[in-house]
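The following exercises concern the structure displayed below. Each consists of a task and a solution that proceeds in steps.

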Amino acid sequence: MRRVPRLAAIALAIAVTAAGLLWNTQTAGGADAYGYVSQAALWRAGTLHVDHAFALDPPWPTPLWTFAPLGYRPALNGTDLVPIYAPGLPLLMAAAQTVAGHCAAFWVVPILGGVLVLATYGLGVRLGRPVDGVAAAALVATSPAFLFMLMAPMSDVPVTAFWALAIAAVLGRSTSSAIAAGLAASIAILIRPNLVPLAAVLAIWTAWRDRHWRRCAVFIAATLPGVTAVALVNRALYGSPATSGYESLERLFRWEHIWPNVSRYGTWLVTAEPVLAVAGLAGLVVLLRRVGPSRDERSAAVLFLAVVIVAWAQYFPYTVFDQWWYLRFLLPAWPLLALGAAATGAAFIRSNRTRLIAALVLIAACTVGLVQAVTRGAFRAAQGESKYTEVAAAVASIVPSDGVVLSMQHSGSLRYYTGRMTLRWDYLDPAWLDRAVAWLAAKGHRPFLLVERFERQQIRLHFDGSEVGRLDWQPLATLRNGEILLYDAMRRDKEPPPTPVPERQRMRCVPPGPPGPMPAFRW
């Protein structure tokens, strides 16, 4: 019977990994996915700098910024672009690609999703509660937010997996467990440096529990490779070890963001993750007060609560978002909340009958989670994200190789899949759209605009008074039932009607087009 929880946890991990591999988007689209996958290609090429000296020639203001696709920004030397995202996930992707080819970049998140499930079970084992560990692993495996992010090549699931491994290891008493915890935390910091305060929580907790600093010092030493690597990359790319590729902290973190974020996250938690939100938090108190006389179990509950508080607190003053799946920022707390929820159920078990009731409640909770995940589109993410490869194929067949496409949402994916140069309309000075189009045409590079329907009004407002910015002529082609429009900026005719591009069958793991994920360009 002792093997049953372990086998159940392994089965859950395999199921999660298989689901991730089957329904993963496998697409380098938008900002995050393109940013991570294209940065992996740069690591494999041996440089994070992309020569864009050609972007200094245009006469409009800040021209280098306008040629920076999503996920990139101008480098300190004033001629190159550099990635804005932390190096951890791209390095893992690059390592996977080196071993197993291009598509392996999209295996990293599903595999680490399985690791997260096993690490959640490991937390229960560390507390001497393997059955609770399996229940917690099941709750994580069926969480809508987790499943939604499992399908995307983004950093949320990987960073959660490594923090779960770090917490499970730090619960041990040996020097080797402190080393393992530190190394896992080191990788987690490489993936998402802003969560470095969690390492401080683990270090302080270790010293408090052990009543001396030896294992704490070992843990800190083992985290240093990740901290040092992030500092070196930041200094090389952005000029300071403490500076990231994102906007200034003053713009990202504001006091006035706290209440809107607390309200949003609270609502999303209760509606999308009610078991974790209610039973999870209550269960951590159960762990703290009712697990029995073991000091280790009580101290573990203190650690779990501290991690949840610190992991969540820094996102309350962060930028306000409106989509429920931004619960992804809170995912590092999921294994701990799931264990708390399992402890809540275990606290009521007094007989075989109550044990059966608890099992049925767990099955119901997991079923609700899966239904929520299906309803909220977790298993349709690939269908939605396939627009990037579908649009890229259409653009490659219409736009000449030396054309320039003004785009925001597709500014990275078009480069990755077609080799066409893109220009960010949202970074272009409002007074310069008409002149920029004329200048590009005069240089022999026909300008096009690729616009999602939600962007059209933004463009009209941004370029108020611009002839091109009115977008009042027929697009050259329409895609996705008219949701994505391709305009020829030099042929602004009212007729003929646009050519609808039929939706293609989704292609899995499309390789980058020539000449690679970041095409060269010259006037």
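**Exercise 1.** Determine whether Asn-481 is buried or exposed, and describe its backbone.

*Solution.* Step 1: the classes are fixed by relative accessible area, with buried meaning under 20%, exposed over 50% and partly exposed in between (1.4 Å probe, protein chains only). Step 2: Asn-481 has 77% relative accessibility and therefore counts as exposed. Step 3: Asn-481 sits in the loop between strands E7 and E8 (484-488); helices (H or I, at least four residues) and strands (E, at least two) are DSSP runs, numbered from the N terminus. Step 4: its phi is near 55°, which is positive although the residue is not glycine.

The model is a predicted one, in which local features need pLDDT of at least 70 and side-chain atom pairs count only at pLDDT 80 or more, whereas totals for chains, interfaces and linings use all residues. Residues are numbered from 1 along each chain as its sequence is written, and side-chain values use heavy atoms, with hydrogens and water left out.

**Exercise 2.** Carry out the analysis of Exercise 1 for Leu-471.

*Solution.* Step 1: Leu-471 is located in the loop that runs between helix H22 (453-462) and strand E7 (477-479). Step 2: its phi of about 50° is positive, although Leu-471 is not a glycine. Step 3: the relative accessibility of Leu-471 is 3%, so this residue counts as buried.

**Exercise 3.** Compare the radius of gyration of the chain with that of a compact globule, and give the dimensions of the chain.

*Solution.* Step 1: the rule for a globule is 2.2 Å times the number of residues to the power 0.38, and the radius is taken over C-alpha atoms. Step 2: for 523 residues the expected value is near 24 Å; the chain has 25 Å, which agrees. Step 3: along the principal axes, the C-alpha atoms fill a box of roughly 80 × 45 × 45 Å. Step 4: the chain contains 22 helices and nine strands.

**Exercise 4.** Describe the burial, surface and charges of the chain.

*Solution.* Step 1: 55% of the 523 residues count as buried. Step 2: the accessible surface comes to about 21800 Å², and 63% of it belongs to carbon and sulfur atoms; these areas come from the Shrake-Rupley method with a 1.4 Å probe. Step 3: there are 46 positive and 30 negative side chains, and the centres of the two sets are 14 Å apart. Here Lys and Arg count as positive and Asp and Glu as negative, while His and the chain ends are not counted; each charge is placed at NZ of Lys, CZ of Arg, CG of Asp or CD of Glu.

**Exercise 5.** Identify the residues that touch the most other members of the largest nonpolar core.

*Solution.* Step 1: a nonpolar core is a set of buried Ala, Val, Leu, Ile, Met, Phe, Trp, Tyr and Cys residues joined through side-chain atoms within 4.5 Å. Step 2: the largest such core has 169 residues, and Trp-163, Leu-303 and Phe-304 touch the most other members. Step 3: helix H8 (residues 156-170) supplies the largest share of this core, eleven residues.

**Exercise 6.** Characterise the surroundings of Leu-330, Val-501 and His-49.

*Solution.* Step 1: contact means heavy atoms within 4.5 Å. Step 2: Leu-330, in the loop between H15 and helix H16 (334-346), has 0% relative accessibility and so counts as buried. Beyond four places in sequence, Leu-330 is in contact with Tyr-265, Leu-269, Trp-312 and Tyr-315. Step 3: Val-501 follows strand E9 (499-500) and is buried, with a relative accessible area of 18%. With neighbours within four places set aside, its contacts are Ala-394, Ala-477, Thr-478 and Leu-479. Step 4: His-49 lies in the loop between helix H2 (32-45) and strand E1 (50-51) and, at 30% relative accessibility, counts as partly exposed. Not counting residues up to four places away, the residues that His-49 touches include Ala-75, Asp-80 and Leu-237.
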